[in-house]
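Open the model in your viewer and keep the selection tool at hand. This tour goes stop by stop and says what to select next.

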Amino acid sequence: MAFVELFLTFFMIGIVTFGGGYAMLRMIQEQVALRWGELIPVESLTNFVAVSESTPGPFAINMATYVGSVVGGDQGGFGMTVLGSFCATMGVVLPSFIVILIVAKIYDRFRSSKLVKDAMSGLKPAVVGLLANAILGVLVEVFAPAGFAWSLFTTSAFYISLGIFAVTVVLAFKKVHPIILICLSAVAGIAFGYLGWL
Amino acid sequence: MKKLWQIFVSFFRIGAFTFGGGYAMIPLIQHEAVEKRKWVTDEDILDIVAIAESTPGPIAINSATFVGYRAAGVLGSACATLGVVLPSFVVILALSFVLSQFQDVQAVQYAFNGIRVGVLALLVKALWTMYTKSPKGWAAYVVMGVSFLLTAIFSDIVIYVIIGCAVFGIVTSRIMERRAQ
C-alpha cells in the first residue's frame with residue numbers, strides 16, 4: 001500500500017509541476033509533510049536538498065529516490081528500500097515521459113504550421129531569458145553565498161572562484177568536454193579548499 | 001540496436017555529470033547529442049528546451065525523452081530517459097544508507113564548491129549558444145528581458161511567463177505580417 005501511495009503521489013507531483021526541479025520542491029515538501037511527516041521531518045528534507053545539490057543527477061529524481069528509500073525502508077530491509085525508491089522515481093518520471101512522447105509526435109507533425117512557428121518565436125527568446133535567470137541564481141550562490149557585501153572583494157574565495165570561472169569559461173568555449181570541466185573544477189575545489197582559500 | 005545503446009550510454013554519462021537541476025544538463029546534452037553524435041542540432045535544442053519548459057515534469061527528463069525520441073523514436077526516448085535517471089537513482093539509493101556521514105565529508109564539500117563554479121561556466125556557454133540560435137529583433141529582445149526580469153523578481157511564475165511569451169510571439173508575428181502587407 002505504501003508503495004502504491006509513493007508511486008501515485010510522485011506521479012501527481014510529476015503531472016502538476018511545470019518549470020523544473022526547484023518548482024517541484026515545494027510540492028514535494030507539502031506532500032511529504034502531509035503523508036510521511038513522522039518519517040521525514042522538515043529538517044531531514046532540507047538537509048537532503050543540500051546533499052542533492054552535491055550529488056549528480058536531476059534534482060527531481062534525487063528527491064523522489066530519497067523519499068522513496070526512506071518510506072520503503074520503513075517497511076523492511078534493503079529490498080523494500082530499493083522498491084520504495086523505484087516506485088517514487090517511476091512515478092515522477094512517467095508523466096514527463098508520456099507527455100513528451102505525445103508532444104514530440106504532435107510537434108513533428110505541426111512544427112511547420114504557422115501557429116506553432118509563431119508561438120515558438122516567442123518561446124525561444126523566453127528560454128534564453130529563463131536560462132539567464134538560472135545563471136543569475138548560480139552566480140549569486142558562487143560569488144555571494146551569504147548575500148552581497150563590499151567585504152566580499154577582500155575574501156580569497158571570491159578571487160579563487162573568479163579565477164576558476166575564467167579558466168573554465170575559456171575551456172568551455174574551446175569545446176572541452178563538459179565532463180572534463182566538471183572534474184577539473186572539482187579538483188580545483190578540493191585543492192583550494194584544503195589550502196583554506198576557497 | 002547499436003544506436004539505442006549509444007543513446008543509453010550518452011544519457012547515462014549526462015545524468016552522472018549533471019549537478020543541480022535541469023538547466024545544468026543543457027551544456028552536456030549540447031556536447032553529447034549535438035556536437036558528438038549529431039542526433040539533433042543546436043536549433044533543435046532550443047525548441048526542445050522551450051517545449052520541456054512548457055510541459056509538466058522536470059526539464060531534465062523532458063529534454064532527455066525528447067532528444068531520445070528525435071534520435072531513435074519511442075525506443076530511443078525510453079533509452080535516453082532510463083540512462084539519465086539511472087545514475088541519480090543508484091547514487092542516491094547508495095547514499096541513503098550513509099547519508100549523515102556523507103554530509104560531513106570535507107572533501108565532498110570542497111569538490112562541490114569547485115563544481116558549482118564549473119557548472120556556472122558551462123551554463124554561460126550554453127546561454128551563448130542558445131542566444132545565437134534564438135530569433136533576434138526588438139520583439140525577441142523584449143521577451144528575453146521581460147522573462148529574465150519576471151522570473152528574477154517573482155518565484156513560481158515560469159509557467160505564466162511561458163504562456164505569456166507564446167501568446168506574445170503569436171500576436172507580434174501577426175502584427176508584423178499585417179504591417180508588411
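Helices here are DSSP runs of H or I with at least four residues, numbered from the N terminus. The model is predicted.

**Stop 1: chain B, whole**

Select chain B and colour it by secondary structure. From the N terminus on, its elements read α-α-α-α-α-α-α-α. That is 8 helices and 0 strands. Turn chain B along its principal axes: its C-alpha atoms fill a box of roughly 65 × 45 × 25 Å. Now colour by burial. Of the 181 residues in chain B, 54% are buried. Contacts in chain B also reach along the sequence: among those between residues at least 6 apart, 56% join residues at least 24 apart.

**Stop 2: the contact between the chains**

Show both chains. The contact takes 86 residues from chain A and 91 residues from chain B. Stay on the chain A side. Helices H1 (2-16), H2 (21-36), H3 (42-53), H4 (59-73), H5 (78-110), H6 (114-143), H7 (156-173) and H8 (178-195) of chain A each give two or more residues to the side that touches chain B. Pick out H6(A): the largest share of that side, 24 residues, comes from this helix. Then colour the side of chain A that touches chain B by class. It has 55 nonpolar, 26 polar and 5 charged residues.

**Stop 3: the largest nonpolar core**

Which residues have the most contacts inside the largest nonpolar core? Select A:Leu123, A:Val127 and A:Leu131, then add B:Val67, B:Leu120, B:Ala121 and B:Leu123. The core as a whole has 111 residues. Helix H4 of chain B, residues 59-95, gives the most to this core, with 16 residues. As background, nonpolar side chains tend to be buried together in soluble globular proteins.

Zoom in on B:Val67. Leaving out residues up to four places away in sequence, B:Val67 touches B:Ile29, B:Ala33, B:Trp39, B:Val40, B:Ile48 and B:Ala80.

**Stop 4: chain A, helix H4**

Go back to chain A and select H4(A). Is this helix mostly covered or mostly open? It is mostly covered: 15 of its 15 residues are buried. Next, check its length between the end C-alpha atoms. They are 21 Å apart, which agrees with the 21 Å that 15 residues should span at 1.5 Å a residue.

**Stop 5: the domains of chain A**

Colour chain A by domain. Domain 1 takes in residues 2-107, and domain 2 takes in 142-198. Place a marker at the centre of each, taken over C-alpha atoms: 31 Å separate the two centres.

Conventions:
Residues are numbered from 1 along each chain as its sequence is written. Chains are lettered from A and ligands numbered from 1 in the order in which they are written. This is a predicted model: local features need pLDDT of at least 70, side-chain atom pairs count only at pLDDT 80 or more; totals for chains, interfaces and linings use all residues. Two residues are in contact if their C-beta atoms, placed from the backbone, lie within 7 Å. Ala, Val, Leu, Ile, Met, Phe, Trp, Tyr, Cys and Pro count as nonpolar, Asp, Glu, Lys and Arg as charged, and the others, Gly among them, as polar. A nonpolar core is a set of buried Ala, Val, Leu, Ile, Met, Phe, Trp, Tyr and Cys residues joined through C-beta atoms within 7 Å. A residue is buried if 20 or more other C-beta atoms lie within 10 Å of its own, exposed if 12 or fewer, and partly exposed in between; C-beta atoms are placed from the backbone. Domain bounds come from an automatic or database domain assignment. The expected span of a helix is 1.5 Å times one less than its number of residues.
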